[in-house]
Amino acid sequence: MSELLLPALDPRKAAIVSLTPRGGTACEIGADHGILSAHLLRAGVCGRVIVADISAASLDKARRLFAFHGLTGSAVFRVADGLDAMDSAESVGAGAALSGDMGTSSWTESRVCASRAMRQDAGSDAGSEAGNAAPPTAVIIAGLGGMTIVDILARGLDRAGDGTLVLQPNTHPALVRRFLADNGYTLEAERLVWDGHRYYVVLRAMRGQGIYTEKELHLGPWLLRDRGEDWWAYLAWRRACLPDANTLGARESGLAVWIEQELKAT
């Protein structure tokens with residue numbers, strides 16, 4: 001009998017899969033329904049996954065998806081706040097509240113659900129090989145604002161060990177690049193992807209010393225070097241997203257100049 005098809009990946013998630021290093025264990029933070037993690041297993045990119053989300057309801061949907069497709073044996077599910085998912089099941093979710101994209105009421109409701117689910121998960125995951133092993137070989141944080149991703153990393157970067165970081169910020173990619181450079185990471189790949197009505201940037205970083213100019217932080221050192229087929233369209237899109245010239249701040253003014261320089265080089 002042929003395998004049941006998983007829900008299709010959109011271009012953004014497909015780009016994340018393509019930048020995830022092969023082998024070992026991947027931990028997806030903010031996994032939502034778990035579609036990305038399921039594809040990592042089905043495609044043989046990773047042997048095991050830790051599927052983590054602060055929402056117990058979302059994680060229940062991920063469990064059902066994995067069970068339906070026969071993938072549960074290679075997965076651990078964690079209701080957890082950010083990189084607290086790296087801890088053993090009994091202690092996940094002990095970190096502080098997110099300071100980024102979640103409102104107070106949503107946070108409170110999610111936290112109550114998380115506490116209930118963590119008590120349930122403690123028994124089922126306590127002896128799990130994937131849950132209690134060394135830090136994963138890859139940590140994926142995608143689909144969140146850049147400020148939220150930085151907040152998650154700042155509160156638990158030590159838990160990531162030497163794992164590769166695969167990050168997809170919806171906003172403020174320069175902020176994420178700067179944080180990585182300031183905290184002992186170097187970028188080893190960047191990818192542009194058009195999905196829906198906008199461009200996204202997917203970053204892959206590993207331990208090392210990254211030193212970048214302001215222009216590289218804002219436009220991407222690898223994107224500037226490679227100047228791929230989407231580069232000029234991406235620059236035009238970034239230019240269109242800038243505020244009116246009369247209201248540009250200092251950094252935005254610099255970005256506008258760099259974009260114009262690149263567009264004129266075509």
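**Exercise 1. In this predicted model, find which residues of helix α2 are buried, and decide whether the helix is enclosed.**

*Solution.* Start by going through α2 residue by residue, with buried meaning under 20% relative accessible area. Leu36, Ser37, Ala38, His39, Leu40 and Leu41 pass that test. Next, set this against the length of the helix: six of the eight residues of α2 are buried, so α2 is largely enclosed by the rest of the structure. Then look for the cover, which includes α1, β1, β2 (48–53), α3 and β4. Finally, step just past the end of α2, where Gly44 has a positive phi of about 75 degrees.

**Exercise 2. Work out which residues of helix α1 are buried and what covers them.**

*Solution.* Helix α1 spans residues 11–19, and its buried residues are Arg12, Ala15, Ile16, Val17 and Leu19. A general point helps when you look at such a list: an α-helix has 3.6 residues a turn, so residues three or four places apart point the same way. Now look outward from the helix. The cover of the buried residues of α1 includes α2, along with the strands β4 (138–144), β5 (164–169), β6 (185–195) and β7 (198–207). Keep Arg12 in mind, as its charged end returns in Exercise 5.

**Exercise 3. Place Ala189 in the fold: is Ala189 buried or exposed, and which residues beyond its sequence neighbours does Ala189 contact?**

*Solution.* First locate the residue: Ala189 belongs to strand β6. Its relative accessible area is 12%, and because the limit for buried is 20%, Ala189 counts as buried. Now set aside the neighbours within four places in sequence; Ala189 then contacts Leu19, Val202, Leu203, Arg204 and Trp222. One of these partners, Leu19, is among the buried residues of α1. For another, Val202, check the backbone: 13 residues separate Ala189 and Val202 along the chain, and their C-alpha atoms are 8.2 Å apart.

**Exercise 4. Count the aromatic pairs in the whole structure, then describe the pair Phe66 and Phe77 and the pair Tyr199 and Trp237.**

*Solution.* The search gives seven aromatic pairs. For Phe66 and Phe77, the ring centres are 5.2 Å apart and the planes meet at 85 degrees, so this pair is edge-to-face. Phe66 sits in helix α3 (residues 56–68) and Phe77 in strand β3 (residues 75–79), so the pair ties together parts that are 11 residues apart in sequence. Both rings belong to buried residues: Phe66 has a relative accessible area of 0%, and Phe77 has 6%.

Tyr199 and Trp237 also make an edge-to-face pair, at 6.1 Å centre to centre with 65 degrees between the planes. Tyr199 comes from strand β7 and Trp237 from helix α10, so here the parts tied together are 38 residues apart in sequence. Tyr199 is buried, with 6% relative accessible area. To finish, widen the view: Tyr199 and Trp237 belong to one aromatic cluster with Trp194, Trp231, Trp232 and Tyr234.

**Exercise 5. Find which arginines lie over the ring of Tyr200.**

*Solution.* Take the ring centre of Tyr200 as your reference point. The charged end of Arg12 sits over this ring, 5.8 Å from its centre. Arg198 lies over the face of Tyr200 too, at 4.2 Å from the ring centre.

**Exercise 6. Find where the positive phi angles of Asp32 and Arg227 fall, and how accessible these residues are.**

*Solution.* Asp32 is not a glycine, yet its phi is positive, near 55 degrees. Asp32 lies in the loop between β1 (25–29) and α2 (35–42). Arg227, also not a glycine, has a positive phi near 45 degrees, and its loop runs between α9 (221–226) and α10 (231–241). For accessibility, Asp32 has a relative accessible area of 36%, so Asp32 is partly exposed. Arg227 likewise has 36% and is partly exposed.

**Exercise 7. Search the structure for cavities of 30 Å³ or more, and list the lining of the largest cavity.**

*Solution.* The search finds one cavity of 30 Å³ or more. The largest cavity holds about 30 Å³ of space. Its lining consists of Asp81, Leu83, Asp84, Ile152, Arg155, Gly156 and Arg159.

Note on methods:
Residues are numbered from 1 along each chain as its sequence is written. This is a predicted model: local features need pLDDT of at least 70, side-chain atom pairs count only at pLDDT 80 or more; totals for chains, interfaces and linings use all residues. Side-chain values use heavy atoms; hydrogens and water are left out. Helices (H or I, at least four residues) and strands (E, at least two) are DSSP runs, numbered from the N terminus. Buried means under 20% relative accessible area, exposed over 50%, partly exposed in between (1.4 Å probe, protein chains only). Contact means heavy atoms within 4.5 Å. Rings of Phe, Tyr and Trp (its six-membered ring) pair if their centres lie within 6.5 Å; planes under 30 degrees apart count as stacked, over 60 as edge-to-face and the rest as tilted. A charge sits over a ring if NZ of Lys or CZ of Arg is within 6 Å of the ring centre and within 35 degrees of the ring normal. On a 1 Å grid over the protein atoms alone, a cavity is a set of points where a 1.4 Å probe fits but cannot get out, and a pocket is an open set with protein on both sides within 12 Å along at least five of seven lines; lining residues have an atom within 4 Å of a point. Grid points are joined across faces, edges and corners, and a volume is the space filled by probe spheres set on the points.
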